[in-house]
Amino acid sequence: MKKLLLPTSIVGSLPKPAWLAPPEKLWSPWKLEGDQLLEGKQDALRISLQEQQLADLDIICDGEQTRQHFVTTFIEHLSGVDFENRKTVKIRNRYDASVPVVVGEVARQKAVFVEDAKFLRKQTTKPIKWALPGPLTMVDTLYDDHYKSREKLAWEFAKALNEEARELQDAGVDIIQFDEPAFNVFFDEVNDWGMAALERAIEGLHCQTAVHICYGYGIQANTDWKKTLGSEWRQYEEIFPKIQKSKIDVVSLECHNSNVPLNLMELVRGKKVMVGAIDVATNTIETPEEVADTLRKALEFVDAENLYPSTNCGMAPLSRNVARGKLSALSAGAEIIRKELGI
């Protein structure tokens, strides 16, 4: 991948067009079926690409236009998981959700996102990034009635993810991002086996790899949880030392409008850091100067060549107009810092 200075990108999702799925909600059902759904997903992906290009982002993502949810869409394509007889579980100790049930050995039967990635690759010459769920977050997004061990199930998921990641790499993906919001909750599991499972998922990859660890989408359950965290959010302190020693190239974290002490980034010194400079839990569109201010503060702890300006998390629950405005603010804020640095 060509070296970019302060390369901008979104972390995950963008809002879907209203003709594809009901807007501003998670797990939004498709409005189309069959061939029309496939065509609709590709059209939405083209729109997502165009909006990122119009905002002058440097690294292009799919905006998760072809999937209902960042975790369950991957799980849908695995054997051993029952989506019909669902159970309700509390996800990340925060909110209840109806989830699929593991009823047998899980295994990847076929490629999940590879054709979508090939389609995106043909549409742009810019570097592209693709997001996959991380093993621990996958474990925490279903009910296990087979392995009865979160660790054993995570290792099976890591194997399946590695198979997918290798094919995504071959399809021309430059950065593969693993979404692990569960890393901010289950610290003992991260340190005991969660990080090791993630490294199993990136085994043999030569493209860049990233782990995204946020405080969640801007939905009510997450914002309520954040209010309980106090004046300093120090969850990263529990897991960054393990990540710093890992083979992961890029760490993605939430910064803007959070109470994360930015000096915690010292714990991953030497890694590339996707600094969240856009708050996805508000409809207020940041000014370029607000974005630049977040990036300036981050530069105290991250070398300029390792700083990747980004969003805090995905923007699926936001309106398309708000998301567009935030994309443009991110790009403009990064440009302010580039000029200040003379690059």
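Is asparagine 306 buried or exposed, and what is its relative accessibility? Select this residue to begin the tour, keeping in mind that the model is predicted. Asparagine 306 has a relative accessibility of 13%, and because buried means under 20%, asparagine 306 counts as buried. In the chain, asparagine 306 belongs to the loop that connects α9 (288-298) with β10 (307-310). If you then display its contacts, leaving aside neighbours within four places in sequence, you will find Gly270, Lys271, Lys272 and Val273.

Next, move from this loop to the sheet that includes β10. Select β1, β4, β6, β7, β8, β9 and β10, which in that order make up an open sheet of seven strands with parallel pairing. The edges of this sheet are taken by β1 (60-61) and β10, and since each of them has a single partner strand, one side of each is left without a neighbour in the sheet. Within the sheet, colour residues 250-254, which are strand β8, and residues 272-276, which are strand β9; the two run parallel and are joined by five bridges. On this pair, glutamate 254 can be picked out opposite glycine 276 in β9. With the sheet still on display, add α5, which packs on it and touches β4 (128-133) and β6 (175-179), while the direction of α5 makes about 170° with that of β4.

Keep α5 selected and turn to another sheet. Here three strands, in the order β2-β3-β5, form an open sheet whose pairing is mixed. Its edge strands are β2 (78-91) and β5 (143-144), and as each has a single partner strand, one side of each is left without a neighbour in the sheet. Strand β3, residues 95-108, runs parallel to β5 and is joined to β5 by two bridges; at this pairing, valine 101 stands opposite tyrosine 143 in β5. Helix α5, which spans residues 150-170, lies across β2, β3 and β5 and runs at about 75° to β3.

The next stop is the largest pocket, for which the computed volume is about 270 Å³. To centre the view there, select Lys41, Thr66, His77, Val112 and Asp116, which lie nearest the pocket's centre among its 15 lining residues. Two or more lining residues are given by each of α1 (34-54), α2 (72-76) and α3 (114-123), and the largest share, four residues, comes from α1. If you colour the lining by residue class, it divides into five nonpolar, five polar and five charged residues.

Finally, look for enclosed space, since a search of the whole structure finds five cavities of 30 Å³ or more. The largest cavity holds about 140 Å³ of space, and its lining is made of 18 residues, with Lys16, Lys25, Leu26, Gln68 and Ala316 nearest the centre. By class, the lining of this largest cavity comprises nine nonpolar, four polar and five charged residues.

From there, go on to the second largest cavity, where about 100 Å³ of space lies. Select Phe70, Asp179, His212, Tyr217 and Cys313, which are the closest to its centre of the 14 residues that line this second largest cavity. Its lining divides into six nonpolar, five polar and three charged residues.

Terms used: Residues are numbered from 1 along each chain as its sequence is written. This is a predicted model: local features need pLDDT of at least 70, side-chain atom pairs count only at pLDDT 80 or more; totals for chains, interfaces and linings use all residues. Side-chain values use heavy atoms; hydrogens and water are left out. Two strands pair if DSSP finds at least two bridges between them. Contact means heavy atoms within 4.5 Å. Axes are lines fitted to C-alpha atoms, for helices over the stretch in contact, and angles run from 0 to 180 degrees between N-to-C directions. On a 1 Å grid over the protein atoms alone, a cavity is a set of points where a 1.4 Å probe fits but cannot get out, and a pocket is an open set with protein on both sides within 12 Å along at least five of seven lines; lining residues have an atom within 4 Å of a point. Grid points are joined across faces, edges and corners, and a volume is the space filled by probe spheres set on the points. Ala, Val, Leu, Ile, Met, Phe, Trp, Tyr, Cys and Pro count as nonpolar, Asp, Glu, Lys and Arg as charged, and the others, Gly among them, as polar. Buried means under 20% relative accessible area, exposed over 50%, partly exposed in between (1.4 Å probe, protein chains only).
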